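Reader: Hey, got a minute to walk me through this model? I'd like to start with one residue and work outwards.

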Amino acid sequence: MKHNITLFLLIALLLSTMSSCGSTEPSESEDTSAPVTDEIISEETEPETTYLEALPIIDMGGLTINTLVREEKANEFFVEDTGDIMNEAIYNRNLLLEEMYSCKLNWSIEKGSWTYVSQYQDLIRSTVMAGDSTYDLVTGQSNIVQPLNAENVFVNLLDESNIDLTKPYWVGAYTEGINLAGKVCTVCGDFALSSFSNANVIFFNKDLMDEYSMEYPYEDALSGTWTLDKFISISESVTTDLNGDGVVDTNDRIGLLGWHNTMQPFFTSCGLNYTEVNSAGRRVLLTPTDQMVSAAEKIFAFCHSDSFIEATANKLTTNDTLLPFFMNGQTMFFGQVLSTVENLREMEADFGIVPYPKYDEAQENYYTTILRSYSVAAIPTTAASSANSAMILEALAAESYYTLTPAYYDVALKSKASRDDESAEMLDIILDTMTYDPGYLSANLEGDL
């Protein structure tokens, strides 16, 4: 009976939690309800040839493949060869594919952040409605492009023989979650770095932990004892009214500063999901469990405590305005996407990285959400040749799996950015537990970064 009457109360509580943590975002034990994570492919299952080498070769006779990309993430798809390891990987990937398929890759750039959600969607929608074959592929922010799946503007990729969504360079959990009655119209995978650079992580200030004689949470994370209660306890223990004015605010020291997309990952990291597939094969809202209610109540209480400062309410509306608080030691934790590590290179104090915490020690796995501004791709129904489009999309992901992804993960992150071996171990945990919740994908929480 309790579960039946608390469904709408829980939804209201979650929405209230999100609202109290900022409704406006910057211009960026066994649990059967646990989110689905992407399957990790062992080295023993790797083919003797690369996945790209195993693909069929199609001579496109100099055909131009025109792809719509958002301006804000254009560098995921094309760059100049500047010698930087990431740029080199992207540049060489594109050059290889052009030679391999006798085609020209062209990138059409349009503004595509959440600020331009209507314009970007209307561009795709109007092009298809007009029967215009301008775009062979479209890419964009997941929570902008994915909603168009219901409008029949994209082909069903499950019908395309030149794309194999079971391969490890496609995010299987995303494909499973987005599958509606046998239709998968958008995909997420290695073709775009944001499919994993947008992983939500917790940065912590090591110097502050030293000041308070605290153990770094690495061992807890490795042993499976890094929990929501421990995170809250640490946050509360460092919260201090530094200027003695009787009010804890952005002039003081706090546990966590962030927006509502800083807080949402806690819900998923607690092993909870918003939706499930019922016996009829339809995705429906989950009936709340005791754990779901408990997690929501704890997150709600934390959002209303002195240990959390909501950024937007304090006119902190960009990453640039939040970074100094973490870098100068005013906040112990910083909940951000993995790529933020690149912005912390100049931080004088040492920092570490851990996954978002579990609900409790009985929870078997960590669950890492991906901020919804990661890139997805689709083929418009008016594409000149869906077969050619599918072939290029498959090849982009297949080659990136061996070149682009390792370059970012092993070099740009592990070697260049993380400051200790333990943080590198944490990255392994984070990237092995990435989760794609269809309920979160479809929720309208006014966009993301």
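Reader: Okay, what does Y169 touch, not counting residues up to four places away in sequence?
Author: Y169 is in contact (heavy atoms within 4.5 Å) with Y51, L55, G189, D190, E394, A397, A398 and Y401, leaving out residues up to four places away in sequence. One caveat up front: this is a predicted model, where local features need pLDDT of at least 70 and side-chain atom pairs count only at pLDDT 80 or more, while totals for chains, interfaces and linings use all residues. Residues are numbered from 1 along each chain as its sequence is written, and side-chain values use heavy atoms, with hydrogens and water left out.

Reader: Is Y169 buried or exposed?
Author: Y169 is buried, at a relative accessible area of 0%. Buried here means under 20% relative accessible area, exposed is over 50%, and partly exposed is in between, with a 1.4 Å probe and protein chains only.

Reader: And where is Y169 found?
Author: In the loop between α4 (142-145) and α5 (172-178). Helices (H or I, at least four residues) and strands (E, at least two) are DSSP runs, numbered from the N terminus.

Reader: How far apart are Y169 and D190?
Author: They are 21 residues apart in sequence, and their C-alpha atoms are 5.3 Å apart in space.

Reader: Switching to T340, where's that one found?
Author: T340 is in the loop between β9 (331-337) and β10 (351-354). T340 is buried too, with a relative accessible area of 3%. Leaving aside neighbours within four places in sequence, its contacts are F203, L323 and F334.

Reader: Let's do the sheets. What's the strand order in the open one with 5 strands?
Author: The order is β8-β5-β9-β4-β10, with mixed pairing. Two strands count as paired if DSSP finds at least two bridges between them.

Reader: Which strands stand at the edges?
Author: β8 (308-310) and β10 do; each has a single partner strand, so one side of each is left without a neighbour in the sheet. The twist averages 25° from one strand to the next.

Reader: How many bridges join β5 to β8?
Author: There are 3, and strand β5 (residues 254-258) runs parallel to β8. L257 in that pairing stands opposite I309 in β8.

Reader: Which strands does helix α10 lie across?
Author: Helix α10 (residues 260-269) lies across β4 (200-205), β5, β8 and β9, at about 110° to β5. Those angles run from 0 to 180 degrees between N-to-C directions, using axes fitted to C-alpha atoms, for helices over the stretch in contact. Helix α12 (residues 319-327) lies across β4, β5, β9 and β10, and runs at about 145° to β9.

Reader: What about β3, how many of its residues are buried?
Author: 5 of its 5, for strand β3 (residues 137-141). Strand β1 (residues 63-70) runs parallel to β3, joined by 2 bridges, and L68 has V138 as its bridge partner. With strand β12 (residues 375-378), β3 pairs in the antiparallel sense over 4 bridges. V138 stands opposite A378 there.

Reader: Last topic, helix packing. At what angle do α13 and α14 pack?
Author: Helix α13 (residues 386-402) and helix α14 (residues 404-415) pack at about 35°, their axes 3 Å apart. E399, S400, Y401 and Y402 in α13 meet L404, T405 and P406 in α14.

Reader: And how many helices and strands are in the protein chain?
Author: The chain has 16 helices and 13 strands, and 57% of its 449 residues are buried.
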